[in-house]
Amino acid sequence: MSQFNLSRRSLLKAGAAGLAAAALPMGYARAQSPIVLGAVYVGPRDDFGWNQAHSVAMEILKQVPGITVIEEENVPETDAVSQSMESMINLDGANLVLATSFGYYSPFVVELAKKYPEVQFRHAAPLWKEGDPTNAGSYFCYLNQGHYVNGVAAGLSSPTGKLGFVAAKPIPSVLSNINSFLLGARKSNPNATVQVIFTGEWSMPVREAEATNALVDAGCDVIGCHVDGPKVVVETAEGRGVKTCGHNASQAPLAPKGFITGAEYKWSTIYSMYADLLAKGEPLPNFVAGGFHNDMLQNTPYGAGATPEAIAAADAAITDLKTGKPIYVGPLKDNAGNVVIEGEMDNYDPVLDGMNYLLEGVIGSIT
Amino acid sequence: MSAETAGSIPSTHTPNVRMLKFAEALFVPLVALLVSAVLFSLFLLIIGKSPVDFFSLVWTGGFGSSFSIQQSLQRSAPLILAGLAFAIPARIGLTIIGAEGALVLGGFAAAAIAIPLVTFGIPAPLTWLLMALIAMVTGGVWIGLAGWLRHYRGVNETISSLLLSYIAIAIMNFFVEGALRDPASANKPSTMPIGDAYRIGSIPGTDVHWGFAAGIVLAIALYILMSRTTFGFAARMTGGNVRAAQAQGLPVGLLIVSCCVIAGCCAGLAGFFEVAAIHGQANASLVAGYGFTGILIAFLARHNPLAVVPVAILFGAIAAAGGLVQRRMGMPDATVLVLQGIIFVVLLTSDTLYGRLKFFQPPVGGDRT
């Protein structure tokens, strides 16, 4: 694979490897049994988005002696994923499988975990619950904190305060990112609004470009997004001369003029922790979740679109999030006028996982 | 045309000629596969990978062990049915490329009807029967509509079936994200799961679900229907020349719509098995592209229902091996697509060989039908 990589990715990998070397103690050679880790991705590993975020972090595990990483990309959320995972177990001897797409969990991971009790399965969404197989588990990062930081920076980088957001589907995890983006923007500019367009699909480049253009035509001068691969949105917005905020992985190279910052996963924290435990022969936790406070998120280094005030405010927002300062502080109304949040919500409150509204200030509708 | 057809009928019935034609039908695709393998090896050498490694991995991943074989068969299950869904209308001269929509809508209908059946505790076999029936009816109506539009309204069936396919997916999304959404499926809108008790298991002793067996049975049945019955003869004749068929007094409209309905039933059934054997509910994962792979498979099988089965298994094996190739050789997923593309082009090109290889021609001159 490596000879196909863009130099930018190689750089990222080198950076990730350096991080690993810094973060991990020595002595993995003494791992009791060889670990074969199978990673399954739903899209290409260089999608400038979700899959790339995982793939970049996976490079860290590849550096660990005693761990062999095998990877498979473009595996759809059908029985193809059970087959891929089972093939990893039977033909490659995988004893830890990382299934990185939401739809892999039920029924596929759950059923395979029952069928192969000696193999560990970990899935990248907060779906594991008591009663599920104990050799399965979940890991997840609350990216809405990153979108909050995006919003804080966007609010101070936008001359008009009119922000746009291209979103995939009106489901809780997406709505939470939109609402957090708005709350961040309102923190730095109380008059900011976020206009949202849903494309209806996780990956629909044509519609993403149309939506971006429509938002720019409507006067938005900063565009954020939550789609699988934000490449099209970021490039289209850059082409139209407006600023952008990133999502999932770094899109900074795509927008040299207008990139502000981006909400990025830091899966490497979790993967390093897994590697560490595996090397010691200790069990992996069934459930890991986090955000800025436990170093599971990062914001993309600021681009040319970020003003100095925006950078200062965003850095302050990250510091606040690290100390657990809540994003959702009531009373908050949805954009139909109903009070949806009364008091202060902890950033990891499970109630937020069921979010089904857009806050006042978001222009758009989920139906 | 009719004189030539009439003239050929006695000769194709002599065993010798049948053998020759069968041998030709076997020989040409095999040569094509070999040529594809050579071309693909060149491609691998250019990008600096070993063709030997590649093909030995394809063998290991596709057929090398009982596990691999079962994987290939399991992956081929929806492809057989999708291949049939293209092949049958093709015999009557229609290019129906909307099996994807019929599969999705059929699967959705099965999942939807299952909700009350499961709620009321109807026994599983009866539930499956009803689910399969509704899936087939839904798929049949959907593709039948494309046939009807074609014959009675003159709408190009290729375009209409493709567009109907998008509508079908939109309809499923509309209900799955709306009225029929299981509240528990917050981030991946789905219908209510049918539950483990209502899942169709595997064929005993294997990991292959029953959709594979259904595909084989249907392939045989449709082969007999298209080759050994008056219906099949009339359909093929219509495929040869609609006007001639009409002049002969054949019910062309009925034949066209029937073939389309059969195709839709196959696709709908594939959707049923996706829901009942794989997902246990309907959601966006049903849109997996099987319907479009089926087009490729039917073309390679030259629209012969029986040949659809081995071709689908070959595709299943290539897909199964594709993962192994990615993992062991560190090659991108697109590698397998390159191989599939080469096979497709070479096989289509090889069509020109039929009737040109002296060895396979019957000794009587001039008969090439």
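Chain A of this predicted model has a mean pLDDT of 88, with 91% of its residues reaching 70 or more. The exception to note is the stretch of residues 1–31 of chain A, over which the pLDDT is below 50, although this stretch has 36 contacts in the model beyond near neighbours in sequence. Where pLDDT is low, the predicted coordinates should not be read in detail.

Chain A is divided into two domains, each assembled from two segments of the chain: domain 1 covers 2–142 + 266–294, and domain 2 covers 144–263 + 300–363. Taken over C-alpha atoms, the centres of domain 1 and domain 2 of chain A are separated by 28 Å. Across the boundary between them, 15 residues of domain 1 of chain A are in contact with 18 residues of domain 2 of chain A. On the domain 1 side of this contact in chain A, helix H2 (residues 50–62) provides the largest share, namely four residues.

Chain A also meets chain B, in a contact that takes 25 residues from chain A and 22 residues from chain B. On the chain B side, helix H3 (51–62), helix H4 (66–91) and helix H13 (305–329) each supply at least two residues, and the largest share, five residues, comes from H13(B). The table sets out the residue classes for one side of each contact.

| Side of contact | Nonpolar | Polar | Charged |
|---|---|---|---|
| Domain 1 of chain A, touching domain 2 of chain A | eight residues | five residues | two residues |
| Chain B, touching chain A | eight residues | ten residues | four residues |

Turning to the sheet of chain A, seven strands form an open arrangement in the order S12-S10-S9-S8-S6-S7-S15, with mixed pairing. Strand S12 (297–299) and strand S15 (362–363) of chain A stand at the edges, and because each has a single partner strand, one side of each is left without a neighbour in the sheet. Within the sheet, strand S6 (residues 162–167) and strand S8 (residues 222–226) of chain A pair in the parallel sense over five bridges, and Gly164(A) has Ile223(A), in S8(A), as its bridge partner. Helix H7 (residues 205–217) of chain A packs on this sheet, where H7 touches S6, strand S7 (193–198) and S8 of chain A, and the direction of H7 makes about 165 degrees with that of S6(A).

Definitions and conventions
Residues numbered from 1 in each chain as written. Chains lettered and ligands numbered in written order. Predicted model: local features only at pLDDT ≥ 70, side-chain atom pairs only at ≥ 80, totals over all residues. Domains from an automatic or database assignment. Contact = placed C-beta atoms within 7 Å. Nonpolar A, V, L, I, M, F, W, Y, C, P; charged D, E, K, R; others polar. Pairing = 2+ DSSP bridges. Axes fitted to C-alpha atoms, helices over the stretch in contact; angles between N-to-C directions. pLDDT = per-residue confidence, 0-100.
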